[in-house]
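Let's take a friendly walk through this structure together. Have the sequence and the 3D view at hand, and follow along from the contact between the chains to the sheets behind it.

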Amino acid sequence: MKRAVVAATVLGALLVGGAGTGGSTYARWVDQVKQGSSSVLSGSMGFTAAAAPASLSVGRGTSGSTVVTVTDTSQGKNLVQRVTPTVAATNGVSASLVTRSGGSCTSTAQGPVALTPSQAFSTCVSVSVPQGTVAGSATVTVTLNGAQVRGGSATGWTFGPRTVSIPVTITGSVPAAPVLTCASGSGSSTGYTFSWPAVTDATGYTVHRSDTTNTDAAFGQVASQAATSWTALVGGSQTSYVRVKAVNAAGSSAYSNTLRLIKTTGNVTCSEVTP
Amino acid sequence: MNTMIKGSIAGATGVALLMGGFGTYALWRDSSTLPSHSVTSGVLDIEAGTTVWDDASTQTAGDWTPASDKMVPGDTVTRTQTFAIKGTGKNLKGVVDFTQGGLTGNTTGFTADVKVTSDNATVVATSGNDFSFSSPFNTATLTAVVTYKLDSSVSNQVDQNATVALADSTLEIRQGS
């Protein structure tokens with residue numbers, strides 16, 4: 001009885017366990033480990049830009065400037081963003097971009113700037129309003145484009161364009177035209193001296209003369225002065241015409257009325273030309 | 001008592017003594033000693049080692065902090081982890097199977113590749129990142145490198161502010177074929 005029980009137990013052990021007995025039903029060593037999860041983040045690229053002052057007031061024939069500051073808002077350990085600014089203006093106003101150094105505008109044209117995250121740069125916007133500009137205002141627009149660079153070459157992300165608009169108020173007006181009268185002058189045998197009342201806001205006067213006809217094409221400028229009188233030398237049997245413009249930083253006035261100066265015999269005479 | 005009767009009684013007695021009763025009889029016996037002895041078993045084990053993150057853009061080792069550093073187009077970042085394996089036993093043979101976790105993240109230019117290498121000539125690569133050994137190898141080191149890339153051709157603002165994750169991967173060392 002006991003021998004039969006022992007024999008059955010041994011046979012059972014051979015079927016359940018043991019090793020290296022051949023066949024496919026046997027225990028094997030196994031061990032396992034995990035390589036834990038991991039993740040990476042990507043960054044972003046961008047910038048902000050603003051002008052200070054945000055607007056300009058520029059007189060005709062003069063210039064003004066403002067400063068645009070660009071600040072990189074990117075995130076990325078190895079990110080370099082190249083920002084390229086350009087500028088344009090309306091209504092005949094001219095604008096240019098120059099670099100800024102030591103708090104002052106230089107004369108060097110502004111080119112692209114490479115920025116890393118959080119870096120910033122400033123550029124000067126110079127605005128010129130020509131004399132004789134008719135418009136009372138203009139808009140200067142600074143356009144900025146960002147491009148990721150790697151090893152000096154553009155590759156990867158881009159940003160923009162972004163624009164900064166700068167309104168320009170154009171100031172100053174030309175003076176009124178002078179008024180010439182013969183009564184305010186006197187003639188001599190060789191010429192005629194005449195004067196005119198000073199014109200408000202005028203900083204000077206230009207004198208124009210024709211020795212042929214009273215037509216615009218025949219007149220030529222013969223003097224530019226601050227004085228409000230002028231002497232015309234008139235030769236024998238000569239008829240001359242004179243007219244004056246008042247000028248200031250905003251430009252020139254219209255022509256004054258025209259005086260006719262005649263030398264026959266005796267002193268030079270003056271008469272006012274009827275328009 | 002005559003001699004014949006005595007002899008008969010003695011013989012009968014002797015036979016009785018030799019035959020015994022029920023359970024009481026003599027058997028030959030002998031014995032000797034089996035000296036004490038022992039056997040030892042080997043080991044099959046795998047344990048994870050340290051992890052190092054590296055920015056391939058620099059020559060400095062271990063210079064990427066995954067919790068704060070952010071990738072941009074053209075970046076390559078690696079995560080390297082070692083695994084120490086042990087395999088002893090006269091008739092030991094087996095395999096090491098690598099099961100890669102899935103990649104998640106809605107991106108266009110991101111890739112993540114895993115490459116596992118062995119420093120022991122007995123633990124040889126078979127296919128993919130799997131290995132086999134046909135004899136005991138004592139100790140070996142498996143190195144698993146996860147390489148993350150953000151392609152430089154990604155343009156505009158594609159793949160910005162994204163998270164790309166590789167789920168758990170598994171290394172299993174198993175006796176047998």
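## Salt bridges between the chains

Lys77(A) and Asp55(B) are a good place to begin: their side chains meet in a salt bridge, at 2.8 Å from N to O. Keep in mind as you look that this is a predicted model. Across the interface of chain B and chain A, the rule finds 2 salt bridges, while a search of the whole structure finds 6 over all chains.

Arg150(A) also forms a salt bridge, with Asp75(B) as its partner and the closest N and O atoms 2.6 Å apart. Arg150(A) sits in strand E11 (residues 137-150) of chain A and Asp75(B) in the loop between E2 and E3 of chain B, so this pair joins two chains.

## The wider interface

How many residues does each chain bring to the contact? Chain B brings 59 residues and chain A brings 30 residues. In polar contact between chain B and chain A there are 35 residue pairs, counting those with both residues at pLDDT 80 or more. On the side of chain B that touches chain A, several elements give two or more residues, among them strand E2 (70-71), strand E6 (110-118) and strand E11 (169-175) of chain B. The most comes from E1(B), with 8 residues. Sorted by class, that side of chain B has 28 nonpolar, 19 polar and 12 charged residues.

The size of an interface is often given as the accessible area lost when the parts come together. Here the area buried between chain B and chain A is about 3,800 Å², and carbon and sulfur atoms give 47% of it. Which three residues supply more than any other three of the area that chain B buries against chain A? They are Lys70(B), Val72(B) and Gln175(B), which together supply 16%.

## Strands that pair across the chains

Strands of a sheet pair through backbone hydrogen bonds, either parallel or antiparallel. One pairing here crosses from chain to chain: strand E2 (residues 38-42) of chain A and E2(B) pair in the parallel sense over 2 bridges. Leu41(A) has Lys70(B), in E2(B), as its bridge partner. You have met Lys70(B) already, as one of the three residues that supply 16% of the area chain B buries against chain A.

## Pairing within chain B

In chain B, E1(B) and E3(B) pair in the antiparallel sense over 11 bridges. Asp54(B) stands opposite Thr78(B) in E3(B). E3(B) is also joined to E9(B) by 12 bridges, and these two strands run antiparallel. To find a spot along that pairing, look for Thr82(B), whose bridge partner in E9(B) is Thr143(B).

## The antiparallel sheet of chain A

Chain A has an open sheet of 5 strands in the order E3-E5-E10-E7-E8, with antiparallel pairing. Strand E3 (47-52) and strand E8 (104-109) of chain A stand at the edges with a single partner strand each, so one side of each is left without a neighbour in the sheet. From one strand to the next, the twist averages 35°.

At the E8 edge, strand E7 (residues 94-101) of chain A pairs with E8(A) in the antiparallel sense over 3 bridges. Arg100(A) stands opposite Cys105(A) in E8(A).

## The mixed sheet of chain A

A further open sheet in chain A has 5 strands in the order E4-E12-E11-E6-E9, and its pairing is mixed. E4 and strand E9 (113-115) of chain A are the edge strands, each pairing on one side only. The twist averages 30° from one strand to the next.

E4(A) and E12(A) pair in the parallel sense over 4 bridges. Gly59(A) has Thr171(A), in E12(A), as its bridge partner.

## Backbone details to look for

Two cis peptide bonds deserve a look in chain A. The bond from Ala52(A) to Pro53(A) is cis, with omega near 0°, and Pro53(A) is found in the loop between E3 and strand E4 (56-59) of chain A. The bond from Gly160(A) to Pro161(A) is cis too, with omega near 10°, and Pro161(A) has its place in strand E12 (residues 153-171) of chain A.

Finally, where is Asn91(A) found? Asn91(A) is in the loop between strand E6 (81-89) and E7 of chain A. Although Asn91(A) is not a glycine, its phi is positive, at about 60°.

Definitions and conventions:
Residues are numbered from 1 along each chain as its sequence is written. Chains are lettered from A and ligands numbered from 1 in the order in which they are written. This is a predicted model: local features need pLDDT of at least 70, side-chain atom pairs count only at pLDDT 80 or more; totals for chains, interfaces and linings use all residues. Side-chain values use heavy atoms; hydrogens and water are left out. Two strands pair if DSSP finds at least two bridges between them. Axes are lines fitted to C-alpha atoms, for helices over the stretch in contact, and angles run from 0 to 180 degrees between N-to-C directions. Contact means heavy atoms within 4.5 Å. Buried area is the accessible area (1.4 Å probe) that two parts lose on being put together, summed over both. A salt bridge is a side-chain nitrogen of Lys or Arg within 4 Å of a carboxyl oxygen of Asp or Glu. A polar contact is a pair of N or O atoms within 3.5 Å; within protein, one must be able to donate a hydrogen and the other to accept it, and residues adjacent in sequence count only if both atoms are side-chain atoms. Ala, Val, Leu, Ile, Met, Phe, Trp, Tyr, Cys and Pro count as nonpolar, Asp, Glu, Lys and Arg as charged, and the others, Gly among them, as polar.
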